[in-house]
Amino acid sequence: MTTYKTLRSYEASERRIEKARQKTIEIQNAYKAVTDWKNYVLTLKTIHLKSSPVIDWIKIKNTEKPYEPKREYKNEDFAKNKLENFKPTFLDKLFGLIPKKINKLKEFLEQAKVKDENENDANYKKYLDNLKDWEKLQEISLGVEKSQIEFYEKALEYFSPFSKISELGNQININLENDFIDVDLTVNGLDVIPDYELKQTSTGKLSKTNMPKTRFNELYQQHVCSCVLRVGREVFAHLPYKYSRVNAITKIINLQTGNIEEKIILSVIFASNTLQKLNFGVTQPSDNIQSFFNNMIFHKINGFNIISRMEFNK
């Protein structure tokens, strides 16, 4: 084979290798895109599965007061022991290194004292923080035990279960009553739902198609129901209420006026004992909602309709 033919054969082989490499990268990128899309869609309807653990107010009330730490001088004792037990070697005596080594041990001792002071100060500061936290929780737990609304508010403020509500929506308003808690949740709008579907073909390529309207609406319904369930779970996890009403609010077209308005699209009255018994991992969020008194009008084609709040006297 001539040098020219050898070179051409080599270049052709390199092109095949590069083409195969690019194809592998495209398949991997397509797989990642589909996986990310599936995970996002799954997240939209499983928000209620990440609820906080139930607060044990009795356990908090019986928690012992933090002990004031004793000041310790471990580093100083160690350095002092080295200085006091320093024994110069023959070479130390021969080259006159004794004063230098003693000075170093003295410096080490002073540094050890500073280190002890810093550690003791840090431990005491931590103790003061723990004490302050303990006193605050003691006050809240006693108020919760007496069913005092102001301490219910302090409990929510302390634990902040809705501090990061971006996955739930844009805003949450809470009204505490003696017998129940009323929550208005402004849920995410339709733009949180992807209007497309991603799949990987048999050849590994990425396929992007428009999501059917019915599936789009159903996914939004599951998302709204999941957010409402999460709020209900968080409420009962932090406060000893037997009932809560959660209302999902979003921008929706008023069919009577034709205008886009913020209206209620779902209103649920949760019962604590029922909510705690549900197996959320088995059924869809919208099915879980049906276990409670609720007001929801939903059509696969048109989506949610405007509804009114559930009334407790019903």
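This report describes the sheet, a hairpin, a helix pair and the largest pocket of a predicted model.

Residues are numbered from 1 along each chain as its sequence is written, and side-chain values rest on heavy atoms, with hydrogens and water left out. Because the model is predicted, local features need pLDDT of at least 70 and side-chain atom pairs count only at pLDDT 80 or more, whereas totals for chains, interfaces and linings use all residues.

**Sheet and hairpin**

Helices (H or I, at least four residues) and strands (E, at least two) are DSSP runs numbered from the N terminus, and two strands pair if DSSP finds at least two bridges between them. An open sheet of 5 strands follows the order β1-β2-β5-β6-β7 with mixed pairing. β1 (169–176) and β7 (293–295) stand at its edges, each with a single partner strand, so one side of each lacks a neighbour in the sheet. Two antiparallel strand pairs are set out below.

| Pair | Bridges | Bridge partners |
|---|---|---|
| β5 and β6 | 11 | Tyr243 and Ala271 |
| β3 and β4 | 5 | Tyr196 and Asn210 |

β3 and β4 form a hairpin with 5 residues between them, and Gly204 in the turn has a positive phi of about 95°.

**Helices**

Contact here means heavy atoms within 4.5 Å, while axes are lines fitted to C-alpha atoms (for helices over the stretch in contact) and angles run from 0 to 180 degrees between N-to-C directions. Helix α6 (residues 149–159) packs on the sheet, touching β1 and β2 (180–187), and its direction makes about 155° with that of β1. α7 also packs on the sheet, where α7 touches β1, β2, β5 and β6, and its direction makes about 50° with that of β6.

The axes of α3 (residues 74–84) and α5 (residues 98–145) come within 7 Å and cross at roughly 170°; the two helices are therefore roughly antiparallel, a term for angles over 145 degrees. The residues of this contact divide into 8 nonpolar, 1 polar and 9 charged, where Ala, Val, Leu, Ile, Met, Phe, Trp, Tyr, Cys and Pro count as nonpolar, Asp, Glu, Lys and Arg as charged, and the others, Gly among them, as polar.

**Largest pocket**

The largest pocket has a volume of about 580 Å³. A pocket is an open set of points on a 1 Å grid over the protein atoms alone, where a 1.4 Å probe fits, with protein on both sides within 12 Å along at least five of seven lines, and lining residues have an atom within 4 Å of a point. Of the 22 lining residues, Leu190, Ile252, Ile253, Asn302 and Phe304 are the closest to its centre. By class, the lining has 12 nonpolar, 8 polar and 2 charged residues.

Notes:
Angles under 35 degrees count as roughly parallel, over 145 as roughly antiparallel, 65 to 115 as roughly perpendicular and the rest as oblique. Grid points are joined across faces, edges and corners, and a volume is the space filled by probe spheres set on the points.
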